[in-house]
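Ready for a short workout at the screen? Keep the model open and follow each exercise through its solution.

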Amino acid sequence: MVREKAAPTATSAHEAKDRFFVVIVAVFYRKSARVLIRRASPSPLSRGIFTFTESVFHSITSRIKQIVIITGASSGMGAEFARQLADEYSAKQEAAEFWLIARTEKNLERIAEDVKRDGITVRLFPMDVKGMEGVRKLAMHLGVESEVGDYRIATLVNNAGFGTYGTFEDTNMMRQLDMIDVNCTALTGICGICLPHMGAGSRIINVASLASYLPLGNFAVYAATKSYVLSFTLALRAEVQDKGISVTALCPGPVSTNFANVASNGARKEVRHGVSAKKTVAHCLRCARKGKATAIMAFKWKFKAFMSRFVSKTAGARFTYLYCKRPSQPEAGIEG
Ligand SMILES: NC(=O)c1ccc[n+]([C@@H]2O[C@H](COP(=O)([O-])OP(=O)(O)OC[C@H]3O[C@@H](n4cnc5c(N)ncnc54)[C@H](OP(=O)(O)O)[C@@H]3O)[C@@H](O)[C@H]2O)c1
């Protein structure tokens with residue numbers, strides 16, 4: 001909903017005074033709740049009071065700008081997150097500014113057209129999120145935003161990522177290190193710089209994978225990065241849940257996106273047995289709204305994740321090395 005500025009009147013001045021008073025009272029109660037939880041933690045009663053005052057504070061101050069950040073928004077699941085979150089905010093009639101991040105500007109522009117609607121503004125950040133440099137760049141944009149005015153990060157989707165098919169030895173080393181920098185370093189750093197701007201009701205969704213449940217031969221570094229994402233996400237969730245911030249790890253199996261094309265360097269165009277990105281993202285958003293720790297959509301994925309508890313990690317790695325070979329072709333022009 002686009003809000004128009006009304007000319008100042010005596011009533012609106014009065015309303016502004018009332019609103020200012022209410023905000024002061026809310027800040028006071030919020031501070032008291034913080035003291036209470038610090039003294040009485042981990043009592044469930046004090047946690048309840050804290051979460052309640054946080055949400056009262058949020059509803060009073062909800063006029064401040066809400067930002068939704070999605071990394072890897074130029075294709076696949078990231079683009080789907082952008083579309084479906086835009087639907088969600090517009091259905092709730094909540095204004096929000098969407099920050100869409102990825103390297104391919106042309107694709108971002110296309111997705112932005114799908115995302116724009118009443119009350120939703122879109123800003124494009126055609127940038128590489130890789131490593132500390134990527135985190136610094138985004139931190140700089142947030143710093144500029146802080147100078148402009150108050151804002152709150154309502155939703156963060158750490159989705160940018162990629163994999164590589166093939167054995168560790170046969171895969172370009174620089175590419176493997178880049179994978180760690182995108183899948184782990186950027187995701188961790190972006191959570192770190194966004195958290196101070198989040199409060200009760202904010203959401204973080206980190207995209208892990210079904211590959212996070214077992215070491216995988218022919219997918220060694222990718223599976224390890226996604227194990228990291230799942231472990232980090234669950235621990236972060238435990239640390240911030242008392243503040244009313246929900247954190248969810250999305251752990252999908254094969255999804256029909258550009259993933260296989262990138263992972264095989266063009267040798268395999270489609271993800272085999274891939275399910276729809278639209279359904280996977282819709283299920284993930286439902287889980288995040290319910291405050292669930294993980295989102296695993298299909299029954300067969302849930303079954304595999306569950307069974308991984310009973311499979312020896314060494315046997316799993318050896319089995320996948322021997323029997324799960326995926327095509328890949330060497331990359332030209334990249335040293336490693
Ligand atoms: N598809 C699957 O089967 C599957 C299964 C489990 C988990 N996942 C995970 O799901 C996430 C999304 O992948 P997808 O399946 O949707 O594949 P995708 O269609 O290839 O999308 C990957 C997205 O990440 C972005 N990205 C990659 N490197 C980046 C970088 N350095 N800086 C900024 N953006 C970057 C890409 O944009 P640009 O190229 O424009 O930068 C693209 O928007 C990934 O984390 C992936 O590991 C996928």
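**Exercise 1.** Which residue of E4 does Ile 70 stand opposite?

*Solution.* First, some ground rules. This is a predicted model, in which local features need pLDDT of at least 70 and side-chain atom pairs count only at pLDDT 80 or more, while totals for chains, interfaces and linings use all residues. Residues are numbered from 1 along each chain as its sequence is written.

Next, find strand E4, residues 151–158, which pairs with E1 in the parallel sense over six bridges. (Strands, E, are DSSP runs of at least two residues and helices, H or I, of at least four, numbered from the N terminus; two strands pair if DSSP finds at least two bridges between them.) There, Val 157 is the residue opposite Ile 70.

**Exercise 2.** Find the partner of Ile 70 in E2.

*Solution.* Strand E2 (residues 96–102) runs parallel to E1, joined by five bridges. Within E2, Leu 100 is the bridge partner of Ile 70.

**Exercise 3.** Place E1 in the sheet.

*Solution.* Read the order of the seven-stranded open sheet: E3-E2-E1-E4-E5-E6-E7, with parallel pairing. At the edges stand E3 (120–126) and E7 (294–295); each has a single partner strand, so one side of each lacks a neighbour in the sheet. Now turn to E1 (residues 65–71): five of its seven residues are buried, so the rest of the structure largely encloses this strand. (Buried means 20 or more other C-beta atoms within 10 Å of a residue's own, with C-beta atoms placed from the backbone.)

Technical notes. Buried ≥ 20, exposed ≤ 12 C-beta atoms within 10 Å, placed from the backbone.
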